[in-house]
Amino acid sequence: MAKLTILKEGEATLRKTCRPVTEITKRTKTLLDDMLETMRHADGVGLAAPQVGVLRRIVVIEVEEGEVLELINPEIIEASGSVSGVEGCLSVPGRQGIVKRPSYVRVRALDRNGVMQTYEGTDLLARCFCHEIDHLDGHLYIDKADKFLYPAEDGEYYDDED
Ligand code: ZN
């Protein structure tokens with residue numbers, strides 16, 4: 001496995017729409033492996049292919065340690081509720097934001113064997129599905145954040161009013 005470079009806000013690649021994966025090849029599986037390693041190394045809970053410069057609809061998520069979700073051509077097929085919560089992005093270091101997301105989503109995606117799977121997520125996992133799938137259409141959470149939080153010396157994040 002190899003650690004990949006994570007693109008940062010301002011890179012044009014992050015604003016492009018990704019194409020669907022039409023065939024799952026050895027390269028696709030290597031990319032999934034490399035994305036997982038890259039995400040873990042960066043202490044993230046989700047990573048989308050455009051963040052490592054690949055314009056394909058591929059996402060890895062690990063909200064619960066050891067529970068890795070690999071999503072190829074993911075689609076949100078159901079969403080409900082609405083909740084504001086803190087969100088960050090490996091492509092936007094140094095700040096977090098408050099973003100409104102559905103509290104429940106159902107997602108359909110191919111796994112690495114080309115089998116269609118359905119996943120349900122609430123709270124953080126629902127947020128993560130939405131955030132990562134947004135990346136595939138060139139959207140960053142900073143486009144929809146209600147406000148931003150910045151880290152202080154103690155490592156905690158504070159908003160502008162504190
Ligand atoms: Zn992100």
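## Asp 123 and the start of a look around

Is Asp 123 buried or exposed? In this predicted model, Asp 123 is exposed, because its relative accessible area is 51% and the cut-off for exposed is over 50%. You'll find Asp 123 in helix H2. Its backbone is worth a glance too: phi of Asp 123 is near 50°, a positive value in a residue other than glycine.

Asn 73 shows a similar backbone feature. Phi there is near 50°, again positive in a residue that isn't glycine, but Asn 73 sits in strand S3.

## Helix H1, end to end

Helix H1 takes in residues 26-41, 16 residues in total. At 1.5 Å a residue, H1 should span 22 Å, and its end C-alpha atoms are 23 Å apart, so the two figures agree.

Both ends have something to look at. At the N-terminal end, Thr 25 acts as a cap: one of its side-chain oxygens lies 3.2 Å from the backbone nitrogen of Arg 27. Past the other end, H1 is followed by Asp 43, which has a positive phi, near 60°.

## What H1 hides and what it shows

Which residues of H1 are buried? They are Thr 28, Leu 31, Leu 32, Asp 34, Met 35, Leu 36, Thr 38 and Met 39. So the list isn't purely greasy, since it has Asp 34 and two threonines in it. These buried residues pack against three strands: S1 (46-48), S2 (58-61) and S3 (69-80).

Lys 29 also belongs to H1, but Lys 29 is partly exposed, with a relative accessible area of 30%. Leaving out residues up to four places away in sequence, Lys 29 touches Ile 24 and Arg 112. Glu 9, on the other hand, is 20 residues from Lys 29 in sequence and 26 Å from it in space, C-alpha to C-alpha.

## Two nonpolar cores

The largest nonpolar core has 16 residues. Those with the most contacts inside it are Val 59, Ile 61, Leu 69, Leu 71, Val 105, Tyr 119 and Phe 129. Four elements give two or more residues to this core: strands S2, S3 and S6 (104-110), plus helix H2 (123-135). H2 gives the most, with five residues.

For a view from inside, pick Leu 71. Not counting neighbours within four places in sequence, Leu 71 is in contact with Arg 57, Ile 58, Val 59, Ile 61, Ala 109, Leu 110, Tyr 119 and Phe 129. Apart from this core lies another one, of 15 residues, including Met 35, Leu 47, Ala 49 and Leu 110.

## Glu 120 on strand S7

Glu 120 is in strand S7, which covers residues 116-122. With a relative accessibility of 53%, Glu 120 counts as exposed.

What does Glu 120 touch, not counting residues up to four places away in sequence? Its partners are Tyr 104, Val 105, Arg 106, Leu 125 and Phe 129. With Tyr 104 there is a polar contact as well, side chain to side chain, at 2.6 Å. Ala 79 is 41 residues from Glu 120 along the chain, and their C-alpha atoms are separated by 9.7 Å.

Terms used: Residues are numbered from 1 along each chain as its sequence is written. This is a predicted model: local features need pLDDT of at least 70, side-chain atom pairs count only at pLDDT 80 or more; totals for chains, interfaces and linings use all residues. Side-chain values use heavy atoms; hydrogens and water are left out. The expected span of a helix is 1.5 Å times one less than its number of residues. Buried means under 20% relative accessible area, exposed over 50%, partly exposed in between (1.4 Å probe, protein chains only). Contact means heavy atoms within 4.5 Å. A polar contact is a pair of N or O atoms within 3.5 Å; within protein, one must be able to donate a hydrogen and the other to accept it, and residues adjacent in sequence count only if both atoms are side-chain atoms. A nonpolar core is a set of buried Ala, Val, Leu, Ile, Met, Phe, Trp, Tyr and Cys residues joined through side-chain atoms within 4.5 Å.
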